Amino acid sequence: IIPTCHFPSLHTVSPSHHHRRFFFFHANFSASPTPILEEEPSSSNTPTIIHVVDVNFAADVQKQYSKPEPENLNEFLCGLFEDPKTKELAFDYYQRLKERPEFRPEKPTLKHVIRYLVSLKSWGSILSVSEDFKVYHVLPDRATCSRLVKFCIEHRKFRVAEALLDVFKSDSKVAFMAFSSAMRSYNKLHMFRNTVLVFERIRSSNVVLDSRGYLHIMEAYSKLNECEKVVQLFREFESRKLRGPTCLAQIYEILCESLARCGRASEALDYFREMTKKGISEYSIYSKLIYSFASLGEVDVAEELVREAKGKTTIKDPEVYLKLVHMYIEEGLLEKTLEVVKEMEDADVKVSDCILSTVVNGFSKKRGFSAAVKVFEELISKGNEPGQVTYASVINAYWRLGQYSKAEEVFLEMEQKGFD
C-alpha cells in the first residue's frame, strides 16, 4: 500500500485574468503507473491557480516504494528529512513503512526521526519511537540519544526520559553517555535526588560510568551533604584508572569542597596537595579551603593559604573575606580585620556593608564604643561606603558615648543617602 499525500506544485498556470479558481491536485500512488489527479472544489470568485504535480517526481517516489529494498527506503527517507519542506511527509512515510515487514530503520533514519520530533516537542511520538528502538533493536547514534535525554529532562518530561533510559541501557556504548547526560541535566535543575536515582539504575543495569558520570554523581552527593559517598566514589574513580579524564580538576574540586564543607578541612588540603603534585590546577579550591580553615579557627593555615593563593589567583568570593573577618574577631586579632578590608580593595572586591558593620561591631564588642567609632572613621576616610547596618551601629556607639551631636550628624547623613 502506497501512502497518499499532497505534493507542492512546481508549475503555475493562469488561464484567465478575470475569472480565476484555485485547483489543488492530490497524488495517490497505487498500482497504477499514472498518478490520479483530483480537483478540489472552490468558489468561482477565487483566482484560478493550477498546481501541476511533477510526474517525474511522483514516478520516482512510486519507484522507491515499489522496491522492497530496505537500504533504498532508508536513503529515500533521509533525503526527505533533509529537506525542510518534506520533513512532515518523511515522518508520515516512516510511520506507514513500519507496516511493511521488510522495512528496518537504520541509525541515520532514526536520527532524522528524533530530530524532527524534538523540533515539534512531540512527546507522545517520541515515546512511540522509543518502542521502535526495542522492536527493531536499533538505536540512533549515542550523541543523539544523549541529547534526547537531556532535552526531555530540560523540558521536565521526566517520564519520557526514564522510558528512554530503560531502552538505552541495552546498549553499553549508548547507555553510559545517556545516563551521564541524565545526571547532568537533573543536577542543572537542582534535582539531586533524581540524579541519585539515575545512578542507582546505572548500578542495577551494570552500566559502566565514565569520568563525566563520576563527576555528576559526586556533585549530587556533595550538594546533598553526603560527604562520605563523595569520598567513596572518588576512591572508586581512582581505582579504575580511566584514560585521560578531561574533568579531573572538577572532580578534585567537588571532593575538596565536600570535605571542607563538612569540617574535614585537613583531608581536603591533603587531596589538594596531591592534586597539585599531579600537575592539576584548580585554583578556585583555595576559596573553599580558606573558608573551611577560617571556620575552624585555624588562623595559621588560613593565612598560609591566603598568601599562597595571592601568587596564583584572585579570591573574589566576599563570603571568604567575611569568614576571615569573623575568625580574626573571634581570635581577638582585630587589627587584622583591617588587613582583610585592604585585601578586598586590592582584589577589586566591593567592601560591603556587611563587612564594614562586622568590623565596627567587632571592635565595639571586644574594645568598646570608642574603638568602634575610631575604626569607623578610619574606614570612611579610606573611601569605604557604609550602609544602613553600619550606620545604625556607629550611631548607637556615638549615642552611648554621649556624643549626641555626632550621632545626629551621622543620622542625617544616613537619611540623605536614602536609608530609613
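Among contacts between residues at least 6 apart in sequence, what share join residues at least 24 apart? In this protein chain, the share is 64%. Keep in mind that we are looking at a predicted model.

Let me start with the whole chain. There are 420 residues, and 43% of them are buried. The chain has 21 helices and five strands. Its accessible surface comes to about 22400 Å². Carbon and sulfur atoms account for 51% of that surface.

Now to the largest pocket. It holds about 380 Å³ of space. Which residues are closest to its centre? They are V306, R307, K310, Y321 and E343, out of 18 that line the pocket. Three elements each give two or more residues to this lining. They are α15, residues 299–310; α16, residues 318–330; and α17, residues 335–346. What about the classes in the lining? We have nine nonpolar residues, seven charged and two polar.

Next, helix α10. Please find residues 211–223 on the structure. Let us check the length of this helix. It has 13 residues, and at 1.5 Å a residue they should span 18 Å. The C-alpha atoms at its ends are 19 Å apart, so the two values agree.

Is α10 mostly covered or mostly open? Mostly covered: ten of the 13 residues are buried. Here is the list. From the start of the helix we have S211, G213, Y214, L215, H216, I217 and M218. Then come A220, Y221 and S222.

What covers them? The cover includes four other helices. Two of these are α8, at 172–188, and α9, at 192–205. The others are α11, at 227–240, and α12, at 248–261.

One general point on helices helps when you look at such a list. An α-helix has 3.6 residues a turn, so residues three or four places apart point the same way.

Look just after α10 as well. There, N225 takes a positive phi of about 60°.

My last stop is a single residue, T390. Where does T390 sit? It is in helix α20, which covers residues 388–400. Is T390 buried or exposed? Its relative accessible area is 1%, and the cut-off for buried is under 20%, so T390 counts as buried.

And which residues does T390 touch, leaving out those up to four places away in sequence? The contacts are D353, L356, S357, V360 and F376.

That is the tour: the chain, the pocket, α10 and T390.

Note on methods:
Residues numbered from 1 in each chain as written. Predicted model: local features only at pLDDT ≥ 70, side-chain atom pairs only at ≥ 80, totals over all residues. Heavy atoms only, no water. Buried < 20%, exposed > 50% of the residue type's maximum accessible area, 1.4 Å probe, protein only. Contact = heavy atoms within 4.5 Å. Areas by Shrake-Rupley, 256 points an atom, 1.4 Å probe, with all protein chains shown as cover. 1 Å grid on protein atoms, 1.4 Å probe; cavity = no way out; pocket = protein on both sides within 12 Å on 5 of 7 lines; lining within 4 Å. Points joined across faces, edges and corners; volume = space filled by probe spheres on them. Nonpolar A, V, L, I, M, F, W, Y, C, P; charged D, E, K, R; others polar. Expected span 1.5 Å × (residues − 1).
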